[in-house]
Amino acid sequence: MKSIQSRLLKQKIMFGLFRSAAWLNGLAVLVVIYFIAARGLSAISFEFLTAMPLDSMTKGGILPCIIGTFGLSVGAVLFALPVGIATAVYLNEYAKPGKLVDFIRFAISNLAGVPSIVFGLFGLAFFCIMLHMGVSLLAGALTLGVMSLPVIIGASEEALKAVPRTYREASMGIGATQWQTIYRVVVPAALPGILTGTILALSRAAGETAPIMFTGAVFFTPELPRSIMSEVMALPYHIYVLATSGLDIEQTRPMQYGTSLVLIALVLGMNLFAIILRQKLRKKLNL
Amino acid sequence: MTAFVSVTILGLIMIFLIKEGLPIFSHVSVKEFIFGKFWYPTDDPPAYGIFPLIVGTFSVTLLSTVISVPLGVMSAIYIAEIARERLAAIAKPMVELLASIPSVVVGFFGMVVVSPFLQDTFDIPSGLNLFNAALMLAFMAVPTICSVTEDALRSVPKSLREGSLALGATHLETIARITVPAAVSGISTAVILGMSRAVGETMVVLMVAGGAAMSPSSIFDPVRPMPASIAAEMGEAPFGAEHYNALFATGVVLFLFTLVFNVCAARIARRYKR
């Protein structure tokens, strides 16, 4: 066997390598954020955030995109949250382990792996054409909602599992039915955890482009959306359009950076909030 | 009842992809579609061969895996086995934040920052190519690989490590010969999930892969992976036309690829649980 010194030296070198790999990831996040922030900050003004796009989107603001993204992601969660919680309650509280539950879980994990562009195709064929919704806020939100479902189910299940058994036993012990126990005791206790998952789902829905390209978002709308059947503009799609097929791509670079910065701030802000919330919750549960 | 919504949706996705994709096979055979070397959907006569798109998807995925797997696994080892707890508590959310950067922003970054850099450094005609796309995809796959690997490492019983250390092995030897082998099925799941993410990712390959529907001969050649083709062309393909059907059929192929990846990952994960 080699001497202990050489073994320890090898360890030192390898650990250094592992450490640099981990730091490289952190660095990557910072570099991306730095470039977007440094070049996007100058584009952002009160007018940029609150005005309509002007002159074929080479000037003006991104208000319709902000409103569109807000509508799409909130709509998605409004659909996915009730369905997701109900699924998680069924899987965690009612269902007996067996083939059926395995099958449902198999479907959920596969749904989570479906490429975003395939959700887009599905939304186009099912919501837009088959259900006659056309390209609309509603169709886009439902497509995003279907995509968010596995995230919400996963987070809700985890939250339900973290509720101690004793809560349920105490509730049943004083004569509550299983439904009352779930409705009044288990779900309220799991709510903060579910909320964390919901924020994550919301931020993911806000950042997605491919599912809304054919179902909800359009190149340009002359006015703000009037109903859930309107076509909308959205931040991610706006970035894509300006960067690849806008009028005068080079000249509108600052607007592209600005829009990216708004989107990143929105998504990372929500994520950071969810992460902090979750860590606080974990601490509370340990006590 | 509601629990079946997920099952129903997965079923509906399959039904609608197939329903809209199937008509193309009255124009070309399945074999011609999958192995046909030419993708000229708007020419007259059109050619619907998605082989170059499949090659595009696989070349980008493979190259990104080569970059993301060592990076993701090594980071996970560092976070789970080496770093002090407080440092790990900061590093983990960092990785999650990396995962949450929207794909369109990663694509945009690849276009405006990485592409000119590659163009100047390697003196190539365009920085929008296979290598750039693979690099950006690796970015997006690392968090998946890292967090799944970390979970796998953390579930290795402490007694195994202690036994190895007590026999006189160094910390590194314990990691390399005991912990990592014990977690190998979890790590394989992580790799497959990371690859599955790269196969299906759309915006990055749409914006930075260069878009040429041909088989690449070098890593600096442009490619057109399947998701990019669907996303770029669906806007122009009229509803119900041959081109429209061909894109849905491409969606079916893409869906099947990711399904295979996910089923493999689930299989390995289940065996691992036992």
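Where is B:Asp123 found? Follow chain B to the loop between helix H5 (103–122) and H6, and there is B:Asp123. Keep in mind as you look around that this is a predicted model.

Let's stay with that loop for a moment. Most residues other than glycine have a negative phi. B:Asp123 goes the other way: its phi is positive, about 55°, although it is not a glycine. B:Asp123 also counts as exposed, because just 7 other C-beta atoms lie within 10 Å, and the cut-off for exposed is 12 or fewer.

Now hop over to chain A, where A:His132 sits in the loop between helix H5 (116–130) and helix H6 (137–161). A:His132 has a positive phi of about 55° too, and it is not a glycine either. Is A:His132 buried or exposed? It has 8 C-beta neighbours inside 10 Å, so A:His132 counts as exposed.

Back in chain B, step past B:Asp123 and you reach helix H6, which covers residues 130–154. Its 25 residues, at 1.5 Å a residue, should span 36 Å, and the end C-alpha atoms are 35 Å apart, so the two figures agree. There is a bend along the way, though: H6(B) turns by about 35° at B:Ala141, and a proline, B:Pro143, follows within four residues. As for its surroundings, 22 of the 25 residues of H6(B) are buried, so this helix is largely enclosed by the rest of the structure.

Next, look at how the two chains meet. Chain B gives 60 residues to the contact and chain A gives 63. On the chain B side, the largest share comes from H1(B), with 10 residues. Sorted by class, that side of chain B has 45 nonpolar, 13 polar and 2 charged residues.

H1(B) is worth a closer look. Two packed helices are described by the angle between their axes and the distance between the axes. For H5(A) and H1(B), which is residues 4–21 of chain B, the axes come within 9 Å and cross at roughly 75°. That angle falls between 65 and 115 degrees, so H5(A) is roughly perpendicular to H1(B).

Which residues meet at this crossing? From H5(A) come A:Val118, A:Leu121, A:Phe122, A:Ala125 and A:Phe126, and facing them in H1(B) are B:Leu12, B:Ile13, B:Phe16, B:Leu17 and B:Glu20. By class, this contact has 9 nonpolar residues, no polar ones and 1 charged. An α-helix has 3.6 residues a turn, so residues three or four places apart point the same way.

Conventions. Residues are numbered from 1 along each chain as its sequence is written. Chains are lettered from A and ligands numbered from 1 in the order in which they are written. This is a predicted model: local features need pLDDT of at least 70, side-chain atom pairs count only at pLDDT 80 or more; totals for chains, interfaces and linings use all residues. Helices (H or I, at least four residues) and strands (E, at least two) are DSSP runs, numbered from the N terminus. The expected span of a helix is 1.5 Å times one less than its number of residues. The bend at a residue is the angle between axes fitted to the seven residues ending there and the seven starting there. A residue is buried if 20 or more other C-beta atoms lie within 10 Å of its own, exposed if 12 or fewer, and partly exposed in between; C-beta atoms are placed from the backbone. Axes are lines fitted to C-alpha atoms, for helices over the stretch in contact, and angles run from 0 to 180 degrees between N-to-C directions. Angles under 35 degrees count as roughly parallel, over 145 as roughly antiparallel, 65 to 115 as roughly perpendicular and the rest as oblique. Two residues are in contact if their C-beta atoms, placed from the backbone, lie within 7 Å. Ala, Val, Leu, Ile, Met, Phe, Trp, Tyr, Cys and Pro count as nonpolar, Asp, Glu, Lys and Arg as charged, and the others, Gly among them, as polar.
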